[in-house]
Every structure is written in C-alpha cells, then in structure tokens.
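Reader: Could you pick one part of this model and walk me through it slowly? I'd like to know what packs there and what lines any pocket beside it.

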Amino acid sequence: MNNVEKIRNILVALGVPEKQQNDLCCCVLLVMGKIYPNCKWKNAKNEWIRIHDMMSFINMFYRETPYAENTRETVRKNALHHFRTAAFVEDNGLATNSPNYRYRLTEEFLEILKESGSDESVKKFLKKHDSLKNIYASKKDKRKHALAVNGLQLTLSPGNHNKLQKALI
C-alpha cells in the first residue's frame with residue numbers, strides 16, 4: 001500500500017468526509033509530516049510550512065502532473081481549513097495574506113502519523129476530538145428550524161423560505 005492510500009485509510013478511521021479524502025488532501029498531510037516515499041513514518045515531523053512549499057514538495061514527490069501555483073487557495077479551502085477544524089493542523093495566527101503565514105501538524109495528529117495510524121492512536125485522538133463528519137452534522141442540525149404541527153415534530157432546512165413557511169403554519 002502506498003503512502004497516499006495509507007493516509008486515506010487513517011482519514012477514514014478518523015471520520016473525515018469523503019471530500020477531504022482526495023489525493024490532494026492526503027498529500028498535504030504527508031508533506032506536512034515530511035513523509036516522503038520510502039520514508040519511515042515514525043520519523044514524521046511537524047515543522048511550520050507555507051502552502052507554496054507544500055505544493056513544491058507535493059509536485060516533487062507525489063505528483064506526475066504538477067499542481068499549478070494558483071492552486072494554493074484550493075489547498076487552503078479544500079484541505080487546510082477542514083483539517084484545522086478537525087484538529088489535524090494549526091496555523092501560526094498571522095494574517096493569511098502575510099508572507100510569514102504557516103501551518104503545521106498538531107502534536108496529536110503527529111502521533112497518529114508516527115504510529116502509522118494504529119487503532120490505538122486513532123482511538124486516543126477520537127477520545128479528545130469529535131470526528132469531522134460529526135462536527136459538520138451537528139452544525140447542519142443546529143441550523144434547522146424545529147416545528148410542531150398537531151403533535152408531529154418536523155424540521156425544516158435553513159433558509160428564508162422555510163422561516164416563512166414556519167411563520168404561516
């Protein structure tokens with residue numbers, strides 16, 4: 001099994017939505033941990049890194065067709081934003097447009113990598129953190145409008161049209 005498939009299995013075990021299990025997301029985490037092909041996972045690191053440098057390393061070690069430089073925002077929105085929510089990565093707190101803005105793996109996620117995604121390391125992480133699927137599901141549920149009609153409990157999706165329907169009923 002190659003490194004991308006191995007990290008994808010870890011993401012599945014951690015309850016990451018399918019959209020964030022794509023090759024780019026997997027490569028981002030591998031590069032952030034400095035896990036290159038034929039590298040021992042127990043030597044993973046969590047040094048600060050810029051998106052530009054992530055892209056360079058991904059292109060060098062994991063991609064036959066390089067990602068373009070204008071892919072940085074895609075990496076931020078499709079991978080890093082979600083991984084920060086899941087407590088896999090952290091940023092250095094600077095403005096995102098700062099040339100000194102950096103990301104790194106959290107210590108907890110680094111341990112998962114160092115242990116090659118062992119069941120024990122995943123369970124330990126999930127004791128402290130909710131899965132990304134559960135985080136997103138709870139946010140979606142909070143936005144729904146509850147409605148009781150003749151003793152029947154209904155939930156309406158968010159939006160002005162349903163607020164109006166709720167008010168009318």
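Author: Here's a close look at one helix pair and its pocket, with another pair for company.

This is a predicted model, so to speak of local features takes pLDDT of at least 70 and side-chain atom pairs count only at pLDDT 80 or more, while totals for chains, interfaces and linings use all residues. Residues are numbered from 1 along each chain as its sequence is written, and side-chain values use heavy atoms, leaving out hydrogens and water.

Start with α5, residues 107-114, and α6, residues 119-128 (helices are DSSP runs of H or I, at least four residues, numbered from the N terminus). Their axes sit 9 Å apart, at an angle of about 165° (lines fitted to C-alpha atoms over the stretch in contact; angles run from 0 to 180 degrees between N-to-C directions). That makes α5 and α6 roughly antiparallel (over 145 degrees). Their crossing is left-handed (near helix turned anticlockwise from the far one by less than a right angle).

Who touches whom? From α5, Glu-108, Phe-109, Glu-111 and Ile-112 meet Ser-121, Phe-125 and Lys-128 of α6 (heavy atoms within 4.5 Å). By class, the contact of α5 with α6 has three nonpolar, one polar and three charged residues (charged: Asp, Glu, Lys, Arg; nonpolar: Ala, Val, Leu, Ile, Met, Phe, Trp, Tyr, Cys, Pro; polar: the others).

Now the pocket at this pair. The second largest pocket, about 160 Å³ in volume, has a lining to which α5 and α6 each supply at least two residues (a pocket is an open set of points on a 1 Å grid where a 1.4 Å probe fits, with protein on both sides within 12 Å along at least five of seven lines; lining residues have an atom within 4 Å of a point). The largest share, five residues, comes from α6. Among the lining residues are Glu-108, Glu-111, Ile-112, Ser-121, Phe-125 and Lys-128, names you've just met in the helix contact. Glu-107, Glu-115, Glu-120 and Lys-124 line this pocket too. Overall, its lining divides into two nonpolar, one polar and seven charged residues.

For company, take α3 (residues 51-61) and α4 (residues 72-85), which pack at about 95° with axes 10 Å apart. These two are roughly perpendicular (65 to 115 degrees). Here Ile-51, His-52, Met-54 and Met-55 of α3 meet Arg-72, Val-75, Arg-76 and Leu-80 of α4. That contact holds five nonpolar, one polar and two charged residues. The largest pocket, about 240 Å³, also draws at least two lining residues from each of α3 and α4. Its lining splits into four nonpolar, five polar and five charged.

Methods. Angles under 35 degrees count as roughly parallel, over 145 as roughly antiparallel, 65 to 115 as roughly perpendicular and the rest as oblique. Grid points are joined across faces, edges and corners, and a volume is the space filled by probe spheres set on the points.
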